[in-house]
Every structure is written in C-alpha cells, then in structure tokens.
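Student: Before we look, I want the terms behind each claim. Can we take them one by one?

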Amino acid sequence: MDLRPASARPGEQQVTTADAFRDVYGTSPDGTWAAPGRVNLIGEHTDYNDGFVMPFALPHTAIASVARRDDGLLRLHSGQAEGGVVEVRLDGEPAKGWAAYPAGVVWALRDAGHAVGGADIHYDSTVPTGAGLSSSAALEIVTALALNDLYDLGLQRWQLARLCQRAENVYVGAPTGIMDQTASACCTAGHALYLDTRDLSQHQIPFDLAARGLRLLVVDTQVKHAHSEGEYGKRRRGCEDAAAALGVDALRDVPYEGLDEALARLEDEEQRRLVRHVVTEDQRVERVVALLEADDVRAIGPVLTEGHTSLRDDFRVSCPELDLVVATANDAGALGARMTGGGFGGSAIILVDDASADKIADAVTAAFASGGFREPRVFVAVPSAGAVRLE
Ligand code: GAF
C-alpha cells in the first residue's frame with residue numbers, strides 16, 4: 001500500500017492547468033491559483049452551532065487557471081467533469097451540478113456589491129469528490145481568491161470564506177457551516193487551524209506528526225455523501241430548535257459544566273442527543289488544543305475515538321463503513337480514530353505510530369474486503385498550505 005500523500009507522487013498534480021486552459025479557450029489565462037481540501041481533526045457539527053473546529057489543509061488541491069472578462073459571461077470547464085464548457089450568463093438562469101459552486105461564488109460576490117464582470121476558468125482537482133474532504137469548498141475558495149485578485153476586490157481571506165459559505169447555502173442550497181471554506185482559505189503548512197466559528201478568530205496550532213514518529217491516515221470509504229440531501233439539514237435544524245428551547249443563541253452557549261442541567265430541561269430525546277454531542281465536542285476541541293500545546297500528541301488519540309462514539313451514538317451521522325474503520329484501527333493498535341467531515345459516508349482519520357501504519361492500513365482494507373465493502377482508499381495526511389496564487 002502506498003501511504004505517501006497523493007500529490008507527492010510523480011506525475012500527479014503538475015501545474016499543467018494553464019496549458020489545459022489554452023486548449024479549452026484558445027487564449028492564455030491571466031493567472032493560476034490553488035486551494036486545498038481539508039481534514040477535520042476534531043470539532044464536528046459544531047460550526048453551525050457557533051462552536052470550535054480544528055481542521056488542517058490536505059496537499060490535495062483544486063487548481064484554477066482564470067482569465068477575466070467583463071461581458072457578463074462566466075465560462076467554466078473542469079478536467080474532472082464531463083460535458084465540456086458550461087456557460088453561465090450572470091443575469092440569467094442559475095447553474096446546476098458542479099458548476100453551481102463556482103457560479104455561486106460569482107453570484108455571492110456580485111450580490112455583496114463587488115463588480116465582477118465574468119471569467120473564463122479551467123479547473124483541475126485532486127481533492128476526491130464526495131469523500132468528506134471538502135472538494136466543493138476548494139472549488140469555491142480557488143474561484144473566490146482568483147476573482148479577488150483579478151478584480152482587485154481587496155477582500156480578506158475570512159471574508160472570502162464567508163462569501164463562499166453564502167454561495168453554498170443560498171445558491172447551491174446546502175446548509176453547511178463555515179469550517180471548510182475557512183480551512184481552505186486560511187490553513188498553513190504544518191499547523192491545524194483552531195477556529196472559533198462565532199467570531200472567526202483563529203490560532204495556528206503546530207501539528208507536526210512526523211517529528212513525533214506519528215502519522216495520520218485518511219481512509220476514504222468510497223461511500224459518497226451529499227450535504228444538500230436531508231440528513232445534514234435535519235441535524236442543523238434540530239440543533240437550532242434545541243438552542244431555542246434552551247433560550248440560547250446557539251448551542252455553543254451551553255457550558256460543558258451546565259450540560260446535565262440543560263439536558264434535564266429538554267423533553268425531546270433527540271434534542272438531548274444533539275445537545276450532548278455538540279457540547280461535549282466543543283469540549284473535546286479544547287482538550288485537543290491543550291494536549292497539542294503541551295506537546296502530548298499521542299494523548300489526543302482517545303479523544304478522537306470519543307468524538308467518533310459521540311457522532312455515532314448521539315449525533316447519528318456515521319455509517320457501517322466508518323464504524324468499521326474506527327473499530328478495526330483501534331483493535332489493530334491505533335492511538336485513536338474517528339469519522340471526519342459531515343458523515344453519512346466519506347472519510348475517517350486514524351492516528352498511528354509510524355511503525356504500525358502499514359499494519360493498520362492493511363487491517364482496515366482486509367476488514368472492508370471481508371465485510372463485502374468497496375476497497376477503501378488510504379493515504380497519509382500531511383498538514384499543508386492554504387489557498388495560494390501559483391503563477
Ligand atoms: C460539512 C460541512 F460543510 C461543514 O460546515 C461542517 O458542518 C461539517 O460537515 C461537519 O463538521 O463538512
């Protein structure tokens with residue numbers, strides 16, 4: 001099994017996006033930008049509760065070569081999507097499918113009063129789609145960063161993240177939080193991003209696993225998730241209803257020390273489960289930050305596994321494949337493991353000692369084979385850079 005990060009393999013993710021742009025549009029782009037996917041270390045389903053998250057950027061990126069145009073036309077082409085160039089008139093019908101993400105970004109910028117007149121864009125992405133690794137946020141952020149530069153908008157990265165979230169919520173119709181866009185825009189290499197999603201204050205926490213003889217494996221279960229479908233929105237509404245029932249603005253305002261008292265005030269068992277997950281998950285983020293700051297990286301393993309149990313039993317967003325990864329990895333000697341991202345499929349992360357990485361990855365693959373599941377894709381996640389202009 002090849003455990004090197006995908007982008008470290010020869011021949012992958014070369015900066016040929018500009019050449020592909022020339023092939024598609026017959027002219028040269030004004031520039032090329034990249035934005036990464038992410039893994040969330042801890043803090044799941046807390047971002048739309050004004051809580052805490054701790055993602056880091058993957059080496060896998062969406063790359064966009066872009067030329068400005070000012071005639072109200074947006075032309076979009078992707079090396080990963082069938083169907084050729086998608087043309088979107090900025091005053092016409094909304095885009096559908098994958099093109100809705102970048103078209104939504106242009107809509108959100110213009111709706112906020114920024115004079116974006118159109119663009120020709122070619123995308124290439126190595127972020128796996130539907131794997132819970134934020135391929136859509138990467139597509140949004142790379143588009144926003146490029147247009148911010150080309151149209152001299154002067155927006156800061158957190159502002160781009162907010163606009164991209166709005167694109168996803170309003171234009172695409174997926175009620176997601178702010179974590180993925182902020183991760184793609186603001187992460188830095190070698191760090192996890194400790195983010196307060198209420199005021200967007202950020203701390204870059206050093207997260208150098210290699211120096212500690214550790215690795216973080218990502219297991220893409222190959223079970224596709226889709227956030228615009230019902231379950232994610234149901235959880236979000238459930239959390240908002242529970243916050244209203246408790247008389248707080250958001251579940252972030254329920255203190256960990258006051259959890260039992262808050263639970264006793266809720267009649268609805270489902271609301272109690274949602275509240276228990278969110279409040280304990282915010283506390284797990286705080287614990288992981290404290291452990292990393294104390295340079296006790298190994299000790300975060302059990303906190304990750306606790307997070308998985310809470311997502312499985314209280315928040316109920318796991319699935320058999322994700323549970324199998326976590327159980328198998330922990331049985332095979334992992335320090336800890338959990339699902340990452342929205343759930344209902346997608347990916348899990350496993351914290352392992354260097355020496356046991358291969359053995360644990362093989363155990364997971366074997367367990368999938370004997371469970372009759374599709375072969376998972378396993379790779380090492382190295383905390384990488386956020387969005388950047390390449391040329
Ligand atoms: C998805 C969403 F896009 C994020 O905003 C976040 O809610 C996550 O699920 C769960 O933590 O990735």
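Tutor: Start with residue classes. Ala, Val, Leu, Ile, Met, Phe, Trp, Tyr, Cys and Pro count as nonpolar; Asp, Glu, Lys and Arg count as charged; the others, Gly among them, are polar. This is a predicted model: local features need pLDDT of at least 70, side-chain atom pairs count only at pLDDT 80 or more, and totals for chains, interfaces and linings use all residues. Numbering runs from 1 along each chain as its sequence is written.

Student: What is the make-up of the shell around the ligand by class?

Tutor: The shell has 2 nonpolar, 7 polar and 3 charged residues.

Student: What makes a residue near the ligand?

Tutor: Its C-beta atom, placed from the backbone, must lie within 6 Å of the molecule. Of the 12 residues around the ligand, E44, T176, G177, M179 and G342 come nearest.

Student: Which domains supply the shell?

Tutor: Domain 1 (10-205) and domain 2 (209-380) each give at least three residues. The bounds come from an automatic or database domain assignment. The domain centres, taken over C-alpha atoms, are 25 Å apart.

Student: What makes two residues count as in contact?

Tutor: Their C-beta atoms, placed from the backbone, lie within 7 Å. On that basis, 28 residues of domain 1 are in contact with 37 residues of domain 2. The domain 1 side has 15 nonpolar, 10 polar and 3 charged residues.

Student: Where does UniProt place "domain: GHMP kinase N-terminal"?

Tutor: The unreviewed entry places that feature at residues 101-186. UniProt positions follow the numbering used here, feature names are shortened, and annotations may be inferred rather than shown by experiment.
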